[in-house]
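Student: I would like a close look at one part of this structure, the largest cavity. Please take it slowly and then work outwards to the parts that touch on it.

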Amino acid sequence: MATLMLLGGSNCQLNAARAVRAMGHRLVLADYLEHPPAASLCDAHIKVSTFDVEACIQAARDARVDGVMTVGSDQPVYTAARVAQALRLPSPISVETALRATHKRAMKEAFVRNGIPNVPYMVLWPQERPDALRSLGMPLVLKPLDSQGQRGVFRVFSPAEALARLPETLRFSREPMAMAEQYYPSDEVTLSSFVLDGRVYDLTLTDRQLIDHPTHIGVCAAHRYPSRHEVRSAEIHALAQRVADALGVTQGPLYIQFLIGAQGVMVNEAACRIGGAFEDVFIPWATGFDLLGAVIHQSLGEPFDASALQHPEPANPLCQVSVQMLFGKPGVIAAETPISEVLSWPGVLAAGYNYPVGSVLPRLENATARLGHCVLATDQGNMARKVSDLYANLCVEDAAGENLLLPRTYDGEGCAFA
């Protein structure tokens, strides 16, 4: 029995905690919250921030862990690599690669050095002159260098607005500067892949369906599989291999967001982790590859079964997945359809709430307002009906009996900012 440290205990880390325990290992959770969802599955819960590298190193040393891992969350990837380096534990990536995969400036610089197509950008300081931004054109996307969950991300329409928004962006960063990018009208797609001995193996390509808003952009409402852009999979795969080489990824999960617009395919961001859209649930269903099991084994320096990567099953054209990131109107939650009932519905692979009964559902500005999730799958090609049925039957009500849920379709229609 090994002791493994899990960085982060939110809903998107629950499956990792369950899998580690099912393997018979001891599990130590690092999470600053008092009662994170995964805490009940762990042998110990150490209340430290996963952003606090030194505190996590000390906690791992005190717990005498044999491995460290995270899933579904960007910034702990760097912390995990630092913990592994300090304690001489197994790690699929180096600290240098982890930095390039979690710090947007380091990531962009790696893209530029290696000729990987990405949108023009500049680093923005509070004392910057407005004229310096004009060369990028308008509108711009303003984002922190080292945050996650679309916190502090804004579309701005003038240099003055960018500088006015900058203090709010920097509230979500440990850095004194942010990034300003040229806005690229585009569809967003996400490639989930696994790297083995430097070679990228594609797993799923999904459409990242976003909530439409002029200012708060990038908030994901759903993932659709297969992607409408599957026809460009060969081009996307070639770019993914170049991204892996640029970041120095030779082993482990690789998650890349691409922008597809009039100027072609651009690389938006990349991460060395399992995605936060419950890919650990639907990728095994869609591909036969135990992505989460591979990550756990790698974290402990153990071998794992990679045969599904090297000898994939032919894709069933009727296989469809929809990961619905549930959002709702602001209000106090008085009642919710029990998750046990939701899980009994045909085609539901996973579901959960982030806001329990009695919680105040906030105004939708970033991913922290996500009410919950539901992962749907079918091999009958009838996903549009399944998504429709989900919203017809799922209720999250206020005291007046109004359903707060904002419904969507499989094609991505609906769900506006409230």
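Tutor: The largest cavity holds about 210 Å³ of space. A cavity here is a set of points on a 1 Å grid over the protein atoms alone where a 1.4 Å probe fits but cannot get out; points are joined across faces, edges and corners, and the volume is the space filled by probe spheres set on them. The model is predicted, so local features need pLDDT of at least 70 and side-chain atom pairs pLDDT 80 or more, while totals for chains, interfaces and linings use all residues. Residues are numbered from 1 along each chain as its sequence is written, and side-chain values use heavy atoms, without hydrogens and water.

The lining of the largest cavity consists of 19 residues, and those nearest its centre are Met 69, Thr 70, Ala 80, Pro 92 and Cys 272 (a lining residue has an atom within 4 Å of a point). Four elements each give at least two residues to this lining: strand S4 (67–69), helix H3 (76–87), strand S12 (252–261) and helix H9. These elements are DSSP runs numbered from the N terminus, helices being H or I of at least four residues and strands E of at least two. H3 supplies the largest share, four residues. Sorted by class, the lining has twelve nonpolar, six polar and one charged residues (nonpolar: Ala, Val, Leu, Ile, Met, Phe, Trp, Tyr, Cys, Pro; charged: Asp, Glu, Lys, Arg; polar: the others, Gly among them).

Met 69 leads from the cavity to the packing. Met 69 is among the residues with the most contacts inside the largest nonpolar core, along with Phe 194, Leu 309, Val 323 and Val 375, and this core has 46 residues. Helix H9 (residues 291–299) provides the largest share of the core, five residues, and H9 also belongs to the elements that supply at least two residues to the lining of the largest cavity. A nonpolar core is a set of buried Ala, Val, Leu, Ile, Met, Phe, Trp, Tyr and Cys residues joined through side-chain atoms within 4.5 Å. Beyond its neighbours within four places in sequence, Met 69 is in contact (heavy atoms within 4.5 Å) with Leu 4, Met 5, Leu 6, Leu 7, Ala 16, Val 20, Leu 292, Val 295, Ile 296 and Ser 299. Another core lies apart from that one and has 31 residues, including Ala 81, Met 107, Val 189 and Ala 246.

The structure holds two cavities of 30 Å³ or more, and the second largest has about 30 Å³ of space. Its lining is made by Ser 192, Ser 193, Pro 253, Leu 254, Tyr 255, Arg 273, Ile 274, Gly 275 and Leu 291. Strand S9 (186–196) and S12 each give at least two of these residues, with the largest share, three residues, from S12. S12 thus appears in both linings, as it also supplies at least two residues to that of the largest cavity. By class the second lining has five nonpolar, three polar and one charged residues.

Two loops beside these elements have unusual backbone angles. Asp 197 sits in the loop between S9 and S10, with phi near 55°, a positive value in a residue other than glycine. Asp 197 is exposed, with a relative accessible area of 65%. Phe 278, in the loop between strand S13 (264–271) and H8, has a positive phi of about 60° although it is not a glycine. Phe 278, in contrast, is buried, at a relative accessible area of 5% (buried is under 20%, exposed over 50%, partly exposed in between, with a 1.4 Å probe and protein chains only). Most residues other than glycine have a negative phi, and most peptide bonds are trans.

Cis peptide bonds occur too. The bond from Met 138 to Pro 139 is cis, with omega near 0°, and Pro 139 lies in the loop between strand S5 (121–124) and strand S6 (140–143). The bond from Tyr 225 to Pro 226 is likewise cis, with omega near 0°; Pro 226 lies in the loop between S11 and H7.

One more loop residue is Ile 211, between S10 and strand S11 (220–225). Ile 211 is buried, with a relative accessible area of 3%. Its C-alpha atom is 9.8 Å from that of Leu 364, which is 153 residues apart along the chain.

For the protein as a whole, buried residues make up 56% of the 418 residues. Of the contacts with a separation of 6 or more, 64% are between residues 24 or more positions apart. The C-alpha atoms fill a box of roughly 60 × 55 × 45 Å along the principal axes, and the protein has twelve helices and 20 strands.

Terms used. On a 1 Å grid over the protein atoms alone, a cavity is a set of points where a 1.4 Å probe fits but cannot get out, and a pocket is an open set with protein on both sides within 12 Å along at least five of seven lines; lining residues have an atom within 4 Å of a point.
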